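Biologist: I would like to learn how to read side-chain packing. Please show me the model, and we can take it feature by feature.

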Amino acid sequence: MGMLNRRTMLTGTAAAVAGVAVTQTGLAPTRAAAAGTGAGAEAGAGAPAAVTVLPDDPRYADLVVGNNTRWVGRPESVRIVHTTEQVVRTVQEAVRSGKRISIRGGGHCYADFVYNPDVQIVVDMTAMDQVGYDEQRKAFVVEAGATLLHVYESLYKGWGVALPGGMCYSVGVGGHISGGGYGMLSRRHGLTIDHLYAVEVVVVNADGTARAVVATREADDPNRDLWWAHTGAGGGNYGVITRYWFRSPDATGSEPAEQLMHPPKDVYVSAISLPWSKLDKTRFATLVKNFGTWHEKNGSPDSPYASLCSFLMINHRANNSIGLLTQMDATVPGAEKLITAYVASITSALGIKAEPLTSAVGEQGPMPDFFTPQRVPWLASVRFLGTNNPTLTNPTLRGIHKSAYLRKGFNDAQIASLYKHLTRTDLQNPNSMVVLLSYGGKINTVRSGDTASAQRDSIFKGLFQSFWPGKEQDPQNVAWTREVYADVFASTGGYPVPGPAADGCYINYPDSDITDPQQNKSGVPWTTLYYKDNYPRLQRVKAAYDPRNVFRHSQSIALPKQ
């Protein structure tokens, strides 16, 4: 197998790329560093250094803000790294000088984990984006700065395999995987972490020495706990993630194409709009109930609908429409009839006629051509849905986000709360929304403690969010999102406390309010909402691999109390 493009490589014993080798035990050779040129590029210790970008550099402004412009940093420098060795050296420098560091992958963090006033050095991983196959480990190796669309294209074009990851094209895998990433193939194939074989992390010992560690899921691996912590605890807690290796747990043989899940050849994609002007309170309640009831009945991994994933995109009435986006494996027997029947089960009892999706709804742009289900190649669907998202390409947008795992559909009181806030007239933001997303299936076949991602019996997720341009609009948008969320979960103190109906929150949708007792009145610690019973073990891993608490942010894993 040759080079797929300039960013895709083969690694391992049969196709090692000449370059800087990190000598820690078990670490495959890394590619050659991209030698820094111009201001900020320094050499030392016989190897190229990371590219250093300082505040007076024209590149600086682009490197101190991510997807959410509410969070902007002012670090002393940004270090663009190309190799694991450069990461080790950058971390070592920060430790020696006592400077606070953070790590940027794709820039999609919803909170201030990367960009905040305390950070002095940002380690920018975006240049470490190679994808290849490691013959020695019989696993696909993905550098932590790679974005999802690049990973999907590289894996599929090169070997016909895939990961069941998220839809947004520009999300970086470093944080996405470590938080337990999921996507439109997860009901059939599980979470991305269910296919994670190994992770490479730059950690700091108690004596202040930075080193690279490879941790695998092998039972006899002395670093197995570090692997486990990266199956759902999120990024930035234990060190700098530099590479992942993926091999499905049921993989057989020695051929690369046998080592990872295969996506469907084709999928059906459906997108419809339901006009708000035709939805009164009763019809709205029926719509939301139908979505919940369907997922309660069809959450089994053995269901003919196991490959169906759907998003009910309920924007504020100012948007004029509610959208239903659905994808299903077209190779399933009777798939077209199944997806058509699903859409009917959600909408037919409303007594109104669905329309083509001609304007932006949820995070998706217009999709009028998919009013009737269209059969398209899987990779084409990935490209289209991943890039058909105006919230990813607008550099002015600010946002607030809150999440919930749901074990049951919303009850009458919760639906009434949704309707009240989504039809309020004191806010007229068409990009304020509640999105309900399919979950369950294969995801729920894994035990809660087998990975750090503990929520393993939910049927769908809720994402409560607003997007807006301009700081002056912060108060009303933050207030609306807080209020609809708190009202929906009022019976449990304003948060989806784990119990019969809900199961906490998703760390990859971090909520800046979750640690504030004035907002989170549930009495349940934020650590329980994210990690449930897995948190004490995560703390023990923290003590073992980051005893100096070098890697921390506003919601990081805390060292256990002595």
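Biologist: Is tryptophan 378 buried or exposed?

Modeller: Buried means under 20% relative accessible area, exposed over 50%, partly exposed in between (1.4 Å probe, protein chains only). Tryptophan 378 has 3% relative accessibility, so the residue counts as buried. A caution: this is a predicted model, where local features need pLDDT of at least 70, side-chain atom pairs count only at pLDDT 80 or more, and totals for chains, interfaces and linings use all residues. Residues are numbered from 1 along each chain as its sequence is written, and side-chain values use heavy atoms, without hydrogens and water.

Biologist: Which residue forms an aromatic pair with tryptophan 378?

Modeller: Rings of Phe, Tyr and Trp (its six-membered ring) pair if their centres lie within 6.5 Å; planes under 30 degrees apart are stacked, over 60 edge-to-face, the rest tilted. That rule gives 27 aromatic pairs. In one of them, tyrosine 156 meets tryptophan 378 edge-to-face, at 5.1 Å between centres and 70 degrees between planes. The two residues are 222 apart in the chain. Tyrosine 156 is partly exposed, at 26% relative accessible area.

Biologist: How are the rings of tryptophan 276 and phenylalanine 284 arranged?

Modeller: Their centres are 5.6 Å apart and their planes at 15 degrees, so this pair is stacked. Tryptophan 276 and phenylalanine 284 are both buried.

Biologist: Where does a charge sit over a ring?

Modeller: Look for NZ of Lys or CZ of Arg within 6 Å of the ring centre and within 35 degrees of the ring normal. Arginine 247 lies over the face of tyrosine 197, 4.3 Å from the ring centre. Lysine 461 lies over tyrosine 509's face, at 5.8 Å.

Key:
Helices (H or I, at least four residues) and strands (E, at least two) are DSSP runs, numbered from the N terminus.
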